[in-house]
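Got the structure open in your viewer? Let's take a walk through it, one selection at a time.

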Amino acid sequence: MPEATVTQCDWLNGAMTLPRACVDLLYADPPFNTGSAKGTPARAVSLGRTRAAYADAWDSPQEHAAWLRERLVATLPALKPSASVLIHCDWRSCHHLRLVLDDVLGAKNFVNHLVWQYGLGGSSPRTFARKHDDILLYRVDFARGWFDAPRVPATSNRMKGQTKKATDVLDIPSLNNMSRERTGYPTQKPLALLDVLVRACCPPGGLVLDPCCGSGTTLVAAVAAERLAVGFDISAEAIRTARRRLGA
């Protein structure tokens, strides 16, 4: 099997093509149901980067949750008993999707509610500034799951120069608009975040599936970490961008 394969298709259709019990880590960063389309920022377009857009609206949170449920159920046969599932979401849908995951995978197989704290972004005079995303971590079978705790620099004077186990708050900067890593694809996540998640939740040589792969960050992280990778996306521009980053 090649190190990484990328296919233009809907997650639901792609799931039907996967062999049984082949996936070690499912990471999905699906549309968040923000209620509006997402597109490449004008600044990135002016710099000649990817020009891409996708719809991000359902009629209700329940319809959004049902969309995810259908795709998770279709993917279950492809997951190993030891596989982990990471679903990236935000404040709009997190509480709805956790109930879906409890139902599909079992509440007993919940592992962590991760918080990706990133700092950048706007603020509102009417709310606390929203500066994090949520990542829900489950296993197909909690007892059989594989995990390698990531290490981060220690901050106390007593442990100066040492590392400690990462907590469930991942303090990793988001990509600013001038970052060399940025492709221009909307909502692109930083490679540093996916590197932590892949190395922690997928064994060396294992298979990472990203069924909403966008610009391909998860696939790039998997290959760099010596894991196999499979990506799906309905966008032709996403597939072109991912393949370009993978050198495919």
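Start with strand S10, residues 169-171. In this predicted model, S10 gives the lining of the second largest pocket its largest share, three residues. Now add strand S9 (163-165) and helix H5 (191-201) to your selection, since each of these also supplies at least two lining residues. To see the whole wall, pick Val 152, Lys 164, Lys 165, Ala 166, Thr 167, Val 169, Leu 170, Asp 171, Ile 172, Ala 192 and Val 196. Colour them by class and you'll get seven nonpolar, one polar and three charged residues. How much space lies in this second largest pocket? About 210 Å³.

Next stop: the cores. Select Trp 11, Leu 72, Val 85, Ile 87 and Leu 101, which touch the most other members of the largest nonpolar core, a group of 33 residues. Plenty of elements chip in with at least two residues each, including H1, S2, helix H3 (61-75), strand S5 (79-89) and strand S7 (132-139). Helix H4 (94-105) is on that list too, and H4 brings the largest share, six residues. A core like this fits a broader pattern: in soluble globular proteins, nonpolar side chains tend to be buried together.

Zoom in on Ile 87. Which residues does Ile 87 touch, leaving out those up to four places away in sequence? They are Ala 28, Leu 68, Leu 72, Leu 97, Leu 101, Asp 134, Ile 135 and Leu 136. Apart from the largest core lies another one, of 28 residues; click on Val 6, Leu 137, Ile 172 and Ala 222 to see some of its members. You've met Ile 172 already, in the lining of the second largest pocket.

Now go to Val 223, in helix H6 (217-224). Show Ala 4 as well: 219 residues separate Val 223 from Ala 4 in sequence, yet their C-alpha atoms are 7.0 Å apart in space. Beyond its neighbours within four places, Val 223 is in contact with Glu 3, Ala 4 and Leu 246. Is Val 223 buried or partly exposed? Its relative accessible area is 24%, so Val 223 counts as partly exposed.

Finish with two loops. Glu 226 sits between H6 and strand S12 (228-233), and its phi is positive, about 65°, although it is not a glycine. With 64% relative accessibility, Glu 226 is exposed. Then jump to Ala 21, in the loop between helix H1 (11-15) and strand S2 (23-28). Ala 21 also has a positive phi, near 50°, and at 40% relative accessibility Ala 21 is partly exposed.

Terms used. Residues are numbered from 1 along each chain as its sequence is written. This is a predicted model: local features need pLDDT of at least 70, side-chain atom pairs count only at pLDDT 80 or more; totals for chains, interfaces and linings use all residues. Side-chain values use heavy atoms; hydrogens and water are left out. On a 1 Å grid over the protein atoms alone, a cavity is a set of points where a 1.4 Å probe fits but cannot get out, and a pocket is an open set with protein on both sides within 12 Å along at least five of seven lines; lining residues have an atom within 4 Å of a point. Grid points are joined across faces, edges and corners, and a volume is the space filled by probe spheres set on the points. Helices (H or I, at least four residues) and strands (E, at least two) are DSSP runs, numbered from the N terminus. Ala, Val, Leu, Ile, Met, Phe, Trp, Tyr, Cys and Pro count as nonpolar, Asp, Glu, Lys and Arg as charged, and the others, Gly among them, as polar. Buried means under 20% relative accessible area, exposed over 50%, partly exposed in between (1.4 Å probe, protein chains only). Contact means heavy atoms within 4.5 Å. A nonpolar core is a set of buried Ala, Val, Leu, Ile, Met, Phe, Trp, Tyr and Cys residues joined through side-chain atoms within 4.5 Å.
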